[in-house]
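Me: Please go through this model with me, one question at a time.

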Amino acid sequence: MRARQFDWIRMVAIVFSVLTVATVCGIFLFLLAGSVEAWRHEGFSFLAKNHWAYRKQFFEAAAMIYGTAAVALIAIVLAVPIGLSTAIFSSEICGERSRLVLKFLVELLAGVPSVVYGLLGVLFLRNWMQTLYEKGNLEVYSGDTLLTAGVLLAIMVLPTLSTLFDDAFRSVGSKYRDAARGLGLTRAETTFQVILPQALPGLVGALLLSFGRALGETIAVFLVVGRADNRFPKLGGVLHSLVDAGQTITSKLGGAETNIAVGDKLHTSALLGLALVLFVVVVGLTLIADVVRSRLSSETVA
Amino acid sequence: MRRLTDRIFTLLCGLGAFIALGIILTVLGLVVFRGAPAISLRFFTEQVRSVGAEGGIFYQLVGTLILIATAAVIAVPLAAGVGIYHQLYVHTPRSRRAMDAVLHALNGIPSIVFGLVGLAFFVQMLGMKKSWLAGGILLAVMILPTVTVAFIERMRAIPKVTIEAAYGLGLRRPQIALSILFPQAVSGLVTGTLLGLARAAGETAPIMFTAVIFAGATMPKGVVDSPVLALPYHIFVLAQDSFDPSMTQKMWGSAVVLLMLVMGLSLIALPLRLKIHEEARRV
Amino acid sequence: MSDDILEPILSTHQLSVRTREGRFLLRDVGLEIPRRMVTGIIGPSGAGKSTLLKCLNRLIDLSGTLEVSGKVLFEGEDTRAKSVDPDELRRRIGIVFQQPVVFPGSVAQNVLFAATRLGTANRRNRDELLEESLRQAGLWNEVKDRLKEMASTLSVGQQQRLAIARTLAGKPDIILMDEPTSSLDPRSTESIEQTIVELKKTRTIVLVTHHLEQARRLCDWVACLCQKEGAGELMEADRCNVVFCSPVREETMEYLGMKC
């Protein structure tokens, strides 16, 4: 019995897999290497201080980090209650057929490109928010604010969140539901005391994943966030900053400065630094979400 | 008291679902309602005139199709290779999880990062200037996880006994891959590709610095320094200057067409996905 | 009797299978399979009979987390040596599972599935091989007019015989069978038992079964595997009537319920 023959498929498969891994690592290293100059120039103030003026070679991005976090948090805070109740409704309350219809519609929304959301934001949401602000006696220049971007993002993130929540609930085996209801527990009690605790890893993972998506969204946020630099509020002014224009990492990167920076080593480096921060945070959240969700499948056997 | 809590619970959840449904229908309704009037055969077949205010979106559509076709050509073989490696040549669950982690990480990378890295790499470092190929490559990398995971999932649905029986007969791994894995899992590859392309068609960020311009390009000539037009970027640029009412209808029309393309791709995948779901349940 | 028949065709030496966490599934199994006989492997469920079978043709390699130690010798050669091609090994030591496995395609395509790809079948001998394998599996008369039909249209009993025919088409020296009739109706069971009796004239069969009656009917040699301290161990192996009527080990007696 002679030894194995040459397996060309294995060769190709290995090469492609290595290529894939290399791409991910390559992007990371590329960002790292490219942003070294900015880190050296600014040091820790790159993240901690608030002064971004590329013409004067100031690259302190605290305001953008604040903007990114604020916008994503608003989105999550708004989307989670709706997404959670929709998921509970679809997985625990309504019938199988309605559930499929609901699922289909939600998935439809998940496929809408971000530029279309941006369009809706620009032509509708912005004006509605402006009217809202004026009704609340808030002085605003236009409807382009952090809050507007947050609301738009909430709509964008809702379908993903809702579907993942639903998956988490579904992955808890029906035997638990049957046992609980069989004991006489109501639907609410079953959901909160039996299903929810078991679905928790899946729910948390869904949250992290959606938060990561919200952090990374560019086009829609770009169009309605106002793109005003260096808006970093003092402690008391946080709420006011939300109804003011702002800037996120993604809106900065998607804007004119990226093209301007071509050729200017330090400027490009700073932008790559911003991208690095985004990369690390978002990919980090994605991987953590992965780990959390894997706990789900190991503990509950559907 | 318990009954009351239960009632309130059901009510609140229903309310949430109702709001969600309302949002969905509003979004879709607005786009379709506003955009439908702009659609005509001329819209599809004519070029843009007067910087978007007149004419149709023919070359934007062509450009988008070129970009996603390139992405497919690159991503499908890669996904097939990675998938086969994952199923046939990786033996420990830990290594498989590591591969999954890489795919998830790749999937999570924000699209603007692709755009920026593409700019720095293809345009600056390689000196390619704006090129459809760079855009296609970036999109391919972006959708690779989607295609791969769909393929892997379909392979995992093949009953273990079937694979064991194939090994038991003495078939070699390339033969098992070609005679059993591929034929039975091809539907997963196709589904994944369609879903990936649906996503790629709508993306602006990866291509806006590396592959597309707003006006002036028709068919690409060559690979380097040959940008294309694209639907999402077209809408993006128009949206930034949205105060001109004559533009508005064209914007909506473009948005509807883009939506139709994206939805169309996802919907073609639907019967296939239902069939896979059925087969998985039967097994 | 010549030396040829006395030398076992397959033998294991201190064969143990362990999980990553250190739990033993099989411990120190030393079994000899005599050639051209039916060797039965009996024992309670969970004792590791299927695991043992999979060690014999290295199908155990497919599970990435199990560690195998000890030796399995096929015609005197160590099957786990680096120089050995496991795929070729599996062609020569075929296996039939409890659940009949049918590949997509017609009856003929199924039977010749491996044979065409491994080179055992070529354009000249294709039809001959097809008929021969189906005859040996006791299926030819039932399917000779249905060769082009989809294999999935056959009954479960027919599918299992199809699986046997498919294995036979590779011309193996040994056929391993893991409870091949457990999922079948009595008529199919009878048919397969007949096939086994025919086959042993030219090949060696290793049969895992929990049907004691079946073992008594078919086997020449019997090995009893029982669980001791959580792992499967070989209690005894001897001629069929010796094991069934006068077993040596207490565990064997317990399993057999001491019927003779």
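The questions below concern a helix crossing and then one chain. This is a predicted model, in which local features need pLDDT of at least 70 and side-chain atom pairs count only at pLDDT 80 or more, while totals for chains, interfaces and linings use all residues. Residues are numbered from 1 along each chain as its sequence is written, chains are lettered from A and ligands numbered from 1 in the order in which they are written, and side-chain values use heavy atoms, with hydrogens and water left out.

Me: At what angle do the axes of helix H3 of chain A and helix H1 of chain B cross?
Reply: Axes are lines fitted to C-alpha atoms, for helices over the stretch in contact, with angles from 0 to 180 degrees between N-to-C directions. The axes of H3 (residues 62–93) of chain A and H1 (residues 2–35) of chain B come within 7 Å, and they cross at roughly 115°.

Me: How do the residues of the contact of H3(A) with H1(B) divide into nonpolar, polar and charged?
Reply: Contact means heavy atoms within 4.5 Å, and the residues that meet include A:Phe89 in H3(A) and B:Leu12 in H1(B). Ala, Val, Leu, Ile, Met, Phe, Trp, Tyr, Cys and Pro count as nonpolar, Asp, Glu, Lys and Arg as charged, and the others, Gly among them, as polar. The division is ten nonpolar, five polar and no charged.

Me: What percentage of the residues in chain C is buried?
Reply: The C-alpha atoms of chain C fill a box of roughly 55 × 45 × 40 Å along the principal axes. Buried means under 20% relative accessible area (1.4 Å probe, protein chains only). Of the 260 residues in chain C, the buried ones make up 53%.

Me: Among contacts in chain C between residues at least 6 apart in sequence, what percentage joins residues at least 24 apart?
Reply: The secondary structure of chain C comprises twelve helices (H or I, at least four residues) and eleven strands (E, at least two), taken as DSSP runs numbered from the N terminus. For the contacts in question, the share joining residues at least 24 apart is 66%.

Notes: Buried means under 20% relative accessible area, exposed over 50%, partly exposed in between (1.4 Å probe, protein chains only).
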